[in-house]
Amino acid sequence: MMALRFPKHLLRFFHEFVTPEFCLRQKRFQSGVGQPPKEQTLELDTVMVTGATRGIGLEFVRQLVGLPKPPRIVFATYRNENTLMGLNEIKIRSESTKLEFLRLDVTIQSEITQAAEKVVEVAGFVGLNLLINNAGIARNRMLMDLSPYFMEEHFKTNAVGPVMLVKELLPMLQNAVMNKDWNNPGKFPGLNASKAAVLNISAWSGSLQRAMDPPIFEPEIAYRISKAALNMSMRCLSGLLKSHGILMVQMNPGYVKTSLGRRLVPPHEGLNPIEVSESVSSMLKTLAQCKESQHGGFIERNGAPIPY
């Protein structure tokens, strides 16, 4: 009988590919092992954005409505009806998202309670997937011009208000966790921004470790103290929120071209302000990737950690 002879190039192919090692590589590839993690996108039903009539808050509403899978409902808060022009323009163009405008001064407890009651009324058992604590103030004064009221105004707006909102909306955040787990079993494991999350808009100037980094501005004292208090208060709540399956992060939006940003940080060599759209886009993209390892953390808009 004549022996079969395979061409040498076919033998090399056989040994290189049709081997146990090759089969193992194929199995890993098909299962996703060793592949780069898939970038997550936000899939939200309900969102609340405070301070939503201008700047970062208004841009959050605009980009949330424009997501590939936009939320069903966005609650946007305002203090003065005369400032609703930008939100009304978004509402007119919005096709898939219902915009609900809520009057809210975060320093007034009765308005916080009323806003939470409206969220319960509109969202019901669906709950609240994402609370964005964006409302804040930033005014500059030199030491000799400071007053107790000026200091308290910053503290109540930037630190106390967000805590009270978390307190009032905690049941709705819990509802969101149960609703997502019930309707999408296994799709959003662990802590996940698409399930339930609190995003606090902080600032690098609230970092104690970076307090001596240049540029150092004496007039920022009230703002910096209030942002440090926000970071600490949310750090204290991180354990409670985690036990309920709710993700929470503090995020620095960067030096942004807003009226607040220009007023807070004078022109300085090396500081290049970014567009509001770039800041918000980065924050939403980063938030979508946040998991348990970022819970309770203080991070840049691109996810880089900031020391407390």
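Analyst: Welcome! A residue is called buried under 20% relative accessible area, exposed over 50%, and partly exposed in between, using a 1.4 Å probe and protein chains only. This is a predicted model, in which local features need pLDDT of at least 70, side-chain atom pairs count only at pLDDT 80 or more, and totals for chains, interfaces and linings use all residues. Residues are numbered from 1 along each chain as its sequence is written, while side-chain values use heavy atoms and leave out hydrogens and water.

User: Thanks! What share of the residues in the protein is buried?

Analyst: Let's start with the overall picture. The protein has nine helices and seven strands; these are DSSP runs numbered from the N terminus, with helices being H or I of at least four residues and strands E of at least two. Of the 308 residues, the buried share is 46%.

User: How much of the area that the protein exposes do carbon and sulfur atoms supply?

Analyst: The protein exposes about 16,800 Å², an area that comes from the Shrake-Rupley method with a 1.4 Å probe, where for residues only the protein chains shown count as cover. The part supplied by carbon and sulfur atoms is 58%.

User: Which strands are at the edges of the sheet?

Analyst: Seven strands form an open sheet with parallel pairing, in the order β3-β2-β1-β4-β5-β6-β7; two strands pair if DSSP finds at least two bridges between them. Neighbouring strands of this sheet are turned by 20° against each other on average, direction ignored. An edge strand here pairs on one side only, and that describes β3 (98–103) and β7.

User: Which residue in β4 is the bridge partner of Val-49?

Analyst: Strand β1 (residues 46–49) pairs in the parallel sense with β4 (residues 130–133) over three bridges. With β2, β1 also runs parallel, joined by four bridges, and there Val-47 has Val-74 as its bridge partner. In β4, the partner of Val-49 is Ile-132.

User: Which residues of β1 lie on the side of Met-48, and which on the other side?

Analyst: In a regular strand the side chains alternate between the two faces of the sheet. Both faces of β1 are covered, and the residues named on them are all buried. Met-48 shares its side with Thr-46, and on the other side are Val-47 and Val-49.

User: Is Met-48 buried or exposed, and what is its relative accessibility?

Analyst: Met-48 lies in strand β1. Leaving aside residues up to four places away in sequence, Met-48 touches several residues, including Phe-75, Leu-102, Val-119, Ile-132 and Leu-169; a contact means heavy atoms within 4.5 Å. Met-48 counts as buried because its relative accessibility is 0%.

User: At about what angle to β1 does helix α3 run?

Analyst: Helix α3 (residues 55–65) lies across β1, β2 (73–78), β3, β4 and β5 (197–201). Angles run from 0 to 180 degrees between N-to-C directions, and axes are lines fitted to C-alpha atoms, for helices over the stretch in contact. For α3 and β1 the angle is about 165°.

User: How many of the residues in α3 are buried?

Analyst: One of the buried residues is Glu-59, which counts as buried because its relative accessibility is 9%. Not counting residues up to four places away in sequence, Glu-59 touches Val-276, Ser-277 and Val-280. Helix α3 is mostly covered, and of its 11 residues the number buried is nine.

User: Which residues form the aromatic pair, and how far apart are they, centre to centre?

Analyst: The structure holds one aromatic pair; rings of Phe, Tyr and Trp (its six-membered ring) pair if their centres lie within 6.5 Å, with planes under 30 degrees apart counting as stacked, over 60 as edge-to-face and the rest as tilted. One member is buried at 3% relative accessibility, namely Phe-298, whereas Tyr-308 is partly exposed at 28%. The planes make 45°, a tilted pair. Phe-298 and Tyr-308 have a centre-to-centre distance of 5.6 Å.

User: The charged end of which residue sits over the ring of Phe-101?

Analyst: A charge sits over a ring if NZ of Lys or CZ of Arg is within 6 Å of the ring centre and within 35 degrees of the ring normal. Here the charged end is 4.9 Å from the centre of the Phe-101 ring, and the residue is Lys-91.
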